[in-house]
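Grab a pencil and open the viewer: here are some short exercises, each with a worked solution. Try each one yourself before reading on.

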Amino acid sequence: MKGLDIRYLCTAIGNLSGVPIRIFESGEPVFFYSQSSLPRDPMDAYREEIFAIRAHVGYVTTRHFHYYGIVNSGETKIVIGPTRQIAESDQELRELAFQVDVAAEDIDAFIAGMKGIIRLPFESMVQTLCTMNHVLNGEKLSLKDIAIYDAEQERLALRQGRQQAEHKLSALTEEARNVHNTFDQEQAILNIVRRGDTAALREWTASAPAIRGGILAGEQLRQRKNMFIVTVTLVSRAAIRGGMDVDDAFSYSDSYIQQCELLSSPEAITNLQYRMLLDYTERAERLRSGRQPTKLTLDVANYIQHHMSERITAEQIAEALFLSRPYLSRRFKQETGESLTDFILKEKTEEARRLLRYSDKSLTAIANYLGFSSPGHFSRVFRKYASMNPGEYRLKYISALSCQSFCPHGK
């Protein structure tokens with residue numbers, strides 16, 4: 001719009017929303033405004049996905065369940081975010097800081113800055129985007145034009161209560177008897193999650209039968225979303241029985257349901273459901289580590305998972321569990337056969353394996369993130385528990401991937 005001061009508009013939106021906002025011209029950053037001080041822009045981790053949005057209005061949801069809103073007008077791109085409705089844990093923010101390469105000395109400031117960002121419901125974000133789009137592009141869009149809560153879902157009607165001829169009702173009842181084959185499969189999945197058996201989950205997925213669940217909605221997309229909600233609710237309870245912290249399990253469940261509601265295709269929901277199942281199972285596996293866990297060992301494992309990016313000591317765990325350090329160390333050794341220090345370092349080594357395999361972060365960045373005093377200390381610990389140094393482990397994994405990609409049948 002001629003004469004429009006876009007920077008003024010974005011500053012006003014930033015002040016009203018309390019969420020960081022940026023302007024890009026032809027792909028180059030020209031303006032950034034945030035009421036919260038951030039030593040590094042968290043958007044950097046998702047730049048590729050954000051710049052892939054070409055529509056006038058769009059959004060990106062991240063692995064930490066933050067959302068970014070995008071408005072495009074010609075060569076101008078405005079990006080607002082990140083925000084989400086539920087506050088992040090320190091561990092989640094440390095993971096994000098690691099992802100965007102925040103320097104070790106700036107991590108506390110980054111966490112404080114992220115906590116200063118105002119929490120917005122997704123709907124409020126979309127309404128803000130629609131307002132900005134109207135100013136910039138002259139379009140009048142609404143929530144249903146942008147989000148997944150469209151007219152098709154609003155017309156959802158349950159099939160119960162419809163007046164049917166007696167023979168049709170009888171036929172429907174007979175069909176209902178035949179379609180429900182979910183109980184045995186449901187129990188198999190929940191037991192896998194509770195045991196933290198990721199190998200069994202992958203095997204089950206490779207040969208899983210088609211599950212014929214009940215009719216929960218009168219429209220296909222709503223049906224899939226409702227089935228997802230039922231599944232994640234049951235899975236979260238199974239993970240709790242497997243030792244996961246109750247608040248963690250419910251928080252992940254809420255976040256997955258929110259993400260599911262933003263999806264617009266059955267295929268996307270299927271992929272999210274598998275990711276959800278694997279996520280819960282992996283977390284339970286990390287907590288149990290092949291043991292028959294006691295309450296004490298689960299409490300210790302949960303503490304370590306919540307403080308993975310810190311320098312964890314036996315004294316800190318004992319204080320958190322309201323025990324004396326000598327008593328905790330003695331009991332833990334009796335129940336697991338290993339020292340508490342060994343267990344802490346093994347857990348950090350397992351997390352390091354994951355980061356070396358699935359991220360391109362430097363060894364120094366990984367060492368800092370996991371709370372080691374130096375890269376040398378990290379390397380010594382990793383060698384002790386993985387029988388090779390971190391660089392060798394990463395090279396071995398990269399080589400294995402290359403072979404899978406270019407060698408037919410693994411030859």
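**Exercise 1. Find the residue of β4 that stands opposite V60, then describe how β3 and β4 are joined.**

Start with the pair itself: V60 stands opposite Y68 in β4. Keep in mind that you're looking at a predicted model. Next, take in the whole pairing: β3 and β4 run antiparallel, joined by five bridges. Then look at the connection, a hairpin with five residues between the two strands. In that turn, F65 has a positive phi of about 65 degrees. Last, check the cover over β3: four of its five residues are buried.

**Exercise 2. Work out the strand order of the open sheet and say which strands are at its edges.**

Walk across the sheet and you'll read β2-β1-β5-β4-β3, five strands with antiparallel pairing. The edges are β2 (28-33) and β3 (57-61), since each pairs on one side only. From one strand to the next, the twist averages 20 degrees.

**Exercise 3. Trace the partners of β1 on both sides and decide how enclosed the strand is.**

Take the β5 side to begin with. Here β1 (residues 21-25) and β5 (residues 76-83) pair in the antiparallel sense over five bridges. Two of the partners to look up in β5 are I78 for I23 and V79 for R22. R22 and I23 are neighbours in the chain, and a general rule is handy here: side chains in a regular strand alternate between the two faces of the sheet.

Now go to the β2 side. That pairing is antiparallel as well, over five bridges, and I21 has Y33 as its bridge partner in β2. The hairpin of β1 and β2 has two residues between the strands, and S26 takes a positive phi near 55 degrees.

For the enclosure, count buried residues: β1 has four out of five, so the rest of the structure largely encloses this strand.

**Exercise 4. Say which strands helix α5 lies across and how α3 crosses α4.**

Helix α5 (residues 122-137) lies across β1, β3, β4 (67-73) and β5, and runs at about 10 degrees to β4. As for the helix pair, the axes of α3 (residues 90-99) and α4 (residues 107-115) come within 10 Å and cross at roughly 115 degrees. The crossing is right-handed. To see who meets whom, show D90, L93, R94, L96 and A97 in α3 against I107, D108, F110, I111, M114 and K115 in α4.

**Exercise 5. Classify the ring pair F372 and F378, then look for other ring partners.**

The structure holds 12 aromatic pairs. For F372 and F378, the ring centres are 5.3 Å apart and the planes meet at 45 degrees, so call this pair tilted. That angle falls between the cut-offs: under 30 degrees would be stacked and over 60 edge-to-face. Both rings belong to buried residues: F372 has a relative accessible area of 5%, and F378 has 2%.

Remember F65 from the hairpin turn? Ring pairs link F65 with Y252, Y256 and Y280 into a cluster.

Finally, check for charges over rings. K77 lies over the face of F51, 5.3 Å from the ring centre. The charged end of K361 sits over the ring of F98, at 5.7 Å from its centre.

Conventions:
Residues are numbered from 1 along each chain as its sequence is written. This is a predicted model: local features need pLDDT of at least 70, side-chain atom pairs count only at pLDDT 80 or more; totals for chains, interfaces and linings use all residues. Side-chain values use heavy atoms; hydrogens and water are left out. Rings of Phe, Tyr and Trp (its six-membered ring) pair if their centres lie within 6.5 Å; planes under 30 degrees apart count as stacked, over 60 as edge-to-face and the rest as tilted. Buried means under 20% relative accessible area, exposed over 50%, partly exposed in between (1.4 Å probe, protein chains only). A charge sits over a ring if NZ of Lys or CZ of Arg is within 6 Å of the ring centre and within 35 degrees of the ring normal. Two strands pair if DSSP finds at least two bridges between them. Axes are lines fitted to C-alpha atoms, for helices over the stretch in contact, and angles run from 0 to 180 degrees between N-to-C directions. Contact means heavy atoms within 4.5 Å. A crossing is left-handed if the near helix is turned anticlockwise from the far one by less than a right angle, and right-handed if clockwise.
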